[in-house]
Amino acid sequence: MNSNVTYLTKQLTPFIGATIVGFADDDEGTFGLIIQKGKQQKKVLWVLRDPEGNGPGFLELGDTE
């Protein structure tokens with residue numbers, strides 16, 4: 001399993017079945033999905049090209065405010 005799949009599996013498995021409860025964006029035009037499962041803290045699933053923003057595709061999970 002490559003490192004991106006390992007990262008996503010570890011970070012996102014707890015959110016299988018989560019609900020999209022909103023959308024997020026930042027000052028650079030990046031967008032994301034605000035997700036929540038049960039009473040867990042909301043998280044932002046950022047849709048990026050890659051960790052640096054310049055490659056083929058990458059998802060990043062981050063905290064909401």
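A residue is called exposed when its relative accessible area is over 50%, and buried when that value is under 20%. These two cut-offs guide the reading of the present structure, which is a predicted model.

Consider Glu28. This residue sits in the loop that links strand 1 (19-25) with strand 2 (31-36). Its relative accessible area is 73%, and because this value lies over 50%, Glu28 is classed as exposed. Glu28 also belongs to a negative surface patch, whose other members are Asp25, Asp26 and Asp27.

Beyond this loop, the chain proceeds through strand 2 to strand 3. Strand 2 and strand 3 form a hairpin, with six residues between them. Within the turn, Gly38 adopts a positive phi of about 60 degrees. The two strands run antiparallel and are joined by five bridges. At the level of individual residues, Gly32 has Trp46 of strand 3 as its bridge partner.

Strand 3 itself, comprising residues 43-48, is mostly covered, since five of its six residues are buried. Leu48 is located in this strand. The relative accessibility of Leu48 is 19%; because the limit for a buried residue is under 20%, Leu48 counts as buried. Along the chain, Leu48 and Thr30 are 18 residues apart, while a distance of 7.0 Å separates their C-alpha atoms.

The two classifications may finally be set side by side: Glu28, in the loop between strand 1 and strand 2, is exposed, whereas Leu48, in strand 3, is buried.

Technical notes. Residues are numbered from 1 along each chain as its sequence is written. This is a predicted model: local features need pLDDT of at least 70, side-chain atom pairs count only at pLDDT 80 or more; totals for chains, interfaces and linings use all residues. Side-chain values use heavy atoms; hydrogens and water are left out. Patches are made of residues with over 30% relative accessible area and no salt bridge: like charges are joined within 9 Å, nonpolar side chains (Val, Leu, Ile, Met, Phe, Trp, Tyr) within 5 Å. Accessible areas come from the Shrake-Rupley method with a 1.4 Å probe; for residues, only the protein chains shown count as cover. A salt bridge is a side-chain nitrogen of Lys or Arg within 4 Å of a carboxyl oxygen of Asp or Glu. Lys and Arg count as positive and Asp and Glu as negative; His and the chain ends are not counted. The place of a charge is taken as NZ of Lys, CZ of Arg, CG of Asp or CD of Glu. Helices (H or I, at least four residues) and strands (E, at least two) are DSSP runs, numbered from the N terminus. Buried means under 20% relative accessible area, exposed over 50%, partly exposed in between (1.4 Å probe, protein chains only). Two strands pair if DSSP finds at least two bridges between them.
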